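Me: I'd like to go through this model with you, one question at a time. Could you start with the term we will lean on most?

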Amino acid sequence: MSYNFKVDGKWWVSEANFADEVTKDFHFPEKIEILDTTLRDGEQEIGIIFTKEEKVAIAKKLDAAGVQRIEAGCPATSDEDAAAIKAICDLGLKADIYCFVRGVLSDMDLAKSCGVDGVIMEIPGSPQMLGGGMKWGVEKAVNSAIEATRHAKELGLKITYFPSDGSRANIDFLCDMLNAVLDGGGYFDSVALVDTFGAFSPEGAAYMTREILKRVGKPVEAHFHEDFGLSVATTIEALKAGASVAHVTVNGIGERAGSCPIEPLVMSLQCLYGQDTGIKYDQLIPLAKLVAELSGKPIPPTKAIVGDRLFGWSTGLPVGYYRKSKDVNPLIMMPYHFTMTGQHEPYIYMDKKSGGANVEFWNERLGLKAIEDKDLVKALLKKIKELSIEKKAVITDEEYLAFYNEMFGE
């Protein structure tokens, strides 16, 4: 496999990422698929409620962005959720449509009636969740899984087995449970390695992925949460170890600290690891903005990939670097080109940290005459810095023009 740390007009990352000593440990699958669970796990964030119409709109955007699988919700939650899932299935999208179910026969029948392609079936996968959360023994969990998955298969549904809290189970316990389901006549197409509480280190995620692949022999899907801020790293490590599906949400919404965000995951996979997920990167921002609007959870301005203040500077030194390099190669001053994700051209701000290059940019942008005298530039910057400190903020065009006109009588 060939790797490119620098692609003209797209990205320029560290050459060390693709050193032979690094890539020899890559075991990515031939194809990585993205399963988006914004409409189920994302909506489980406190305060987020999507209507049927909103779920349909988001599903359309996900499909337009190239997401291969959409987890459209849990039909047993409400009649509205079931109706939304059915409406999404009726759209005829390219993506496969899944729904979330419990290990009971009636959930499988309900999923089938909605028209989904597959189900993600949850049964707790750790002793503490089984015994403490459900008051079930392992035998009851296994028998329930056997019966439910067998029924789902008879209905023609694809099945992802979802042992919640599996990341905190002993690997022997988890694999023994999974194999007991298969040996007892149950069936599933893949196993979700579920880090319900974001408890994985990247190394732990890779280890459990390898063990499940080896001991159970089924494809592994990575479903990781963000409690320690590592969901992108742990998901990538699982994929490097051979997992073939990444579970994500738009903007990383989800329970507690959220879920693995699609935006930095797919961009990191492409630029830092040479793995194309099939996602259309220029659709990430429209998708993120739609989910932000409908969820009522704004996008932080410096959020990775989709924040609206990622490309730009106020500090004089980097502004000077950019001014000299932008017509040679903008990637000298950025890890990936802003057009790759549909971002705006870098914007130059003005505040207490600004320098002469900022003044040059602003004069050009506002159609003002250049200031040749460096002492006058310093005098102008002094006024700007004082106001910025007083405001504790960047200055506006109007404020800059007032200072400029005061000094030069225009």
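Reply: Happy to! Buried means under 20% relative accessible area, exposed means over 50%, and partly exposed covers what lies in between. Keep in mind as we go that this is a predicted model.

Me: With that in hand, is Glu 255 buried, partly exposed or exposed?
Reply: The relative accessible area of Glu 255 is 28%. Buried would need a value under 20% and exposed one over 50%. Glu 255 is therefore partly exposed.

Me: Which residue does Glu 255 pair with in a salt bridge, and how far apart are the closest N and O atoms?
Reply: The partner is Arg 256, which is itself partly exposed at a relative accessible area of 43%. A salt bridge here requires a side-chain nitrogen of Lys or Arg within 4 Å of a carboxyl oxygen of Asp or Glu. Arg 256 and Glu 255 form one, with their closest N and O atoms at 3.7 Å.

Me: In the salt bridge between Lys 353 and Asp 351, which residue is buried?
Reply: The closest N and O atoms of this pair are 2.6 Å apart. Lys 353 has 41% relative accessibility, so it counts as partly exposed. At 6%, the buried residue is Asp 351.

Me: How many residues apart in sequence are the parts that Lys 55 and Glu 43 tie together?
Reply: Their side chains meet in a salt bridge, 3.2 Å from N to O. Lys 55 belongs to helix H2 (residues 52-64), while Glu 43 sits in the loop between strand S3 (33-36) and H2, so the pair links parts of the chain that are 12 residues apart.

Me: Which residue of helix H3 is in contact with both Lys 55 and Glu 43?
Reply: Both Lys 55 and Glu 43 are buried. Helix H3 spans residues 79-89 and includes Asp 81, which is buried as well, with a relative accessible area of 11%. Leaving aside neighbours within four places in sequence, the contacts of this residue are Glu 43, Lys 55 and Cys 74. The residue you are after is Asp 81.

Me: Which contact of Asp 96 also belongs to a salt-bridge network?
Reply: Asp 96 lies in strand S5 (residues 96-102) and is partly exposed at 23% relative accessibility. Beyond its neighbours within four places in sequence, Asp 96 touches Gln 68, Arg 69, Ile 70, Asp 117 and Lys 158. The network links Lys 31, Glu 33, Glu 221 and Arg 69.

Me: What separates the C-alpha atoms of Asp 96 and Phe 162?
Reply: Along the chain, these two residues are 66 apart. In space, the separation of their C-alpha atoms is 17 Å.

Me: Turning to the surface, how much accessible area does the nonpolar patch with Trp 12 have?
Reply: Trp 12 is found in strand S2 (residues 11-12) and counts as partly exposed, with 30% relative accessibility. Val 328 and Ile 332 join Trp 12 in the patch. Together the three have an accessible area of about 290 Å².

Me: And for the protein overall, what share of its residues counts as buried?
Reply: The protein has 15 helices and 12 strands, and its C-alpha atoms fill a box of roughly 85 × 50 × 40 Å along the principal axes. Its accessible surface comes to about 18,200 Å², with 52% belonging to carbon and sulfur atoms. Of its 410 residues, the share that counts as buried is 53%.

Conventions: Residues are numbered from 1 along each chain as its sequence is written. This is a predicted model: local features need pLDDT of at least 70, side-chain atom pairs count only at pLDDT 80 or more; totals for chains, interfaces and linings use all residues. Side-chain values use heavy atoms; hydrogens and water are left out. Patches are made of residues with over 30% relative accessible area and no salt bridge: like charges are joined within 9 Å, nonpolar side chains (Val, Leu, Ile, Met, Phe, Trp, Tyr) within 5 Å. Accessible areas come from the Shrake-Rupley method with a 1.4 Å probe; for residues, only the protein chains shown count as cover. Helices (H or I, at least four residues) and strands (E, at least two) are DSSP runs, numbered from the N terminus. Buried means under 20% relative accessible area, exposed over 50%, partly exposed in between (1.4 Å probe, protein chains only). Contact means heavy atoms within 4.5 Å.
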